[in-house]
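New to this one? Here is a quick briefing to read with the model open beside you.

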Amino acid sequence: MTGARIIFHVDMDAFYTSIEQRDNPALRGRPVIVGSDPVQGTGRGVVAACSYEARKFGVHSAQAISQAWRNCPNAVFLRPSMEKYKENSRRILAIFREISPSVEPLSIDEAFLDMSSMVSDYDSAIKLAYQLKGRIHKEEGLTASVGIAANKFLAKIASDMRKPNGVYAVRPERVREFLEPLPVARLWGVGPKTESRLSGLGITTVGQLQSEEGQSVLAGFGKHGRLLAQLVMGIDNRPLVTRRSPKSVGHEHTFSSDTRDKVILLETLRRLGEKVAQRLHKHHLQGRTVCIKLRYEDFTTFTRQVRSPIQVGSPFEINRISRDLFLSHWDRSRKIRLIGVSISSLAEESAETGLPLFPHPDPGDLVF
């Protein structure tokens with residue numbers, strides 16, 4: 001690996017809840033949870049974000065909102081203000097683009113910045129990272145954590161090392177030392193199945209995979225193993241992707257009460273299809289693979305999909321296909337907790353595609 005590139009990974013600290021605490025001083029220092037209504041511990045949906053004060057009680061993103069309430073019943077629970085969060089994100093992204101010629105947004109609250117042409121050494125990079133954080137705090141009243149390294153993989157891990165409101169640099173000569181003690185789950189591409197497989201072989205840390213024996217183990221994982229063999233040595237030559245098209249578009253709805261009412265389910269499916277079609281039209285896209293997602297009352301979840309011979313993007317076509325999928329695979333003896341529709345295998349929409357014949361979706365329908 002070389003130290004030719006200097007990459008920043010900038011991660012806003014507890015973005016949603018920090019915005020809420022900034023805008024309402026009464027919330028500062030208190031546990032704040034953004035998500036669905038907990039309804040005194042019986043609510044549906046999940047936690048979209050939580051403050052660091054709430055995390056001390058075991059609350060985390062994607063946790064069931066009912067569990068979050070049990071962990072921290074004295075927290076302040078807020079519904080998401082997505083337009084406000086997006087506007088803050090746009091302003092912060094504009095700051096990034098002012099200081100770096102190459103920016104890859106990862107999500108609403110994080111991005112990679114290629115700083116190779118702006119600084120020549122890590123001391124200068126660290127100084128610039130603090131200047132960037134200072135500007136974000138001055139202009140937006142928010143804090144960020146910055147990871148600095150020679151590539152995206154290392155920079156993203158580094159940004160977690162001093163959260164919140166910190167800076168951490170992985171200098172090229174210390175890469176192996178930095179990675180050695182980390183659990184294998186920190187490697188991109190290591191999910192629960194791969195982690196379990198490695199654990200069964202007695203491998204739990206990245207350092208073990210850096211050894212000759214560990215490299216031999218990864219050789220048995222095929223193409224996936226070859227990628228991991230590079231990552232454990234800190235090698236990641238991927239460029240920043242400054243323009244990214246979505247791979248899929250989807251919407252889900254969690255019902256306030258489990259239901260097997262066919263009318264309710266089909267109407268919800270139709271409305272979700274309309275939202276998907278609107279987002280496709282916004283990005284001038286169509287897709288071929290339509291997928292439905294069903295989660296039953298016992299939390300068992302499955303997806304079913306079908307590939308269309310032609311590109312589809314209209315609400316009528318998406319609804320027709322998703323309805324057929326649903327009626328073919330729905331277990332009518334069981335109540336449904338969540339239903340979703342998505343479309344993938346995306347491409348630019350054809351010139352003949354007309355305007356969508358449906359209203360804008362009601363933001364209140366988006367359940368977190």
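What follows is a short tour of sheets, rings, charges and cysteines.

Keep in mind that this is a predicted model. Two open sheets are described below, one of 5 strands and one of 3. On the side-chain side, there are 6 aromatic pairs, 25 salt bridges and 0 disulfides.

**The sheet of 5 strands**

- Reading across this open sheet, the strands come in the order β5-β6-β1-β7-β8, and their pairing is mixed.
- At the edges you'll find β5 (102–107) and β8 (167–169); each has a single partner strand, so one side of each has no neighbour in the sheet.
- On average, neighbouring strands here are turned by 15 degrees against each other, if direction is ignored.
- For a closer look, take β1 (residues 7–12) and β7 (residues 144–149), which pair in the antiparallel sense over 6 bridges.
- Within that pairing, Ile 7 has Ala 149 of β7 as its bridge partner.

**The sheet of 3 strands**

- This one is open too, with mixed pairing, and runs in the order β3-β2-β4.
- Its edge strands, β3 (47–50) and β4 (76–78), each pair on one side only.
- From one strand to the next, the twist averages 25 degrees.
- β2 (residues 32–35) pairs with β3 in the antiparallel sense, over 3 bridges.
- If you want a spot to zoom in on, Val 34 stands opposite Ala 49 in β3.

**Aromatic rings**

- Among the 6 aromatic pairs is the one formed by Tyr 16 and Tyr 85, which is stacked: the centres are 4.2 Å apart, with 15 degrees between the planes.
- What does this pair tie together? Tyr 16 sits in helix α1 (residues 15–23) and Tyr 85 in helix α4 (residues 82–99), so the pair links parts that are 69 residues apart in sequence.
- Both Tyr 16 and Tyr 85 are buried.
- Add Phe 15 to Tyr 16 and Tyr 85, and you have one aromatic cluster.

**Arginines over rings**

- Arg 197 lies over the face of Phe 221, 3.8 Å from the ring centre.
- Likewise, Arg 334 lies over the face of Tyr 296, and here the distance to the ring centre is 3.9 Å.

**Salt bridges**

- A bit of background: side chains of opposite charge can pair when their charged atoms come close.
- One of the 25 salt bridges found in the whole structure joins Lys 84 to Asp 23, with the closest N and O atoms 3.4 Å apart.
- Lys 84 belongs to helix α4 and Asp 23 to helix α1, so this bridge ties together parts 61 residues apart in sequence.
- Lys 84 is partly exposed at 28% relative accessible area, and Asp 23 also counts as partly exposed, at 40%.
- Lys 84 and Asp 23 belong to a network of salt bridges that also links Glu 20, Arg 22, Glu 87, Arg 90, Arg 91 and Glu 140.
- Elsewhere, Asp 236 and Arg 238 meet through their side chains in a salt bridge of 2.7 Å, N to O.
- Asp 236 is buried at 7% relative accessibility, whereas Arg 238 is partly exposed at 35%.
- Glu 317 and Arg 320 form a salt bridge as well, at 2.8 Å from N to O.
- Glu 317 and Arg 320 both lie in helix α13 (residues 315–329), 3 residues apart, which is about one turn of the helix.
- Glu 317 is partly exposed, with a relative accessible area of 22%, and Arg 320 is partly exposed at 38%.

**Cysteines**

- Looking for disulfides? The count is 0.
- Why is Cys 72 not bonded to Cys 50? The closest cysteine sulfur to that of Cys 72 is in Cys 50, at 9.5 Å, which is too far for a bond; the cut-off for a disulfide is 2.5 Å.
- Cys 72 is buried, with a relative accessible area of 2%.
- Cys 291 counts as buried too, at 13% relative accessibility.

Methods:
Residues numbered from 1 in each chain as written. Predicted model: local features only at pLDDT ≥ 70, side-chain atom pairs only at ≥ 80, totals over all residues. Heavy atoms only, no water. Phe/Tyr/Trp six-rings, centres within 6.5 Å; stacked < 30°, edge-to-face > 60°. Helix = DSSP H or I, 4+ residues; strand = E, 2+ residues; numbered from the N terminus. Buried < 20%, exposed > 50% of the residue type's maximum accessible area, 1.4 Å probe, protein only. Lys NZ or Arg CZ within 6 Å of the ring centre and 35° of its normal. Salt bridge = Lys/Arg side-chain N within 4 Å of Asp/Glu carboxyl O. Pairing = 2+ DSSP bridges. Axes fitted to C-alpha atoms, helices over the stretch in contact; angles between N-to-C directions.
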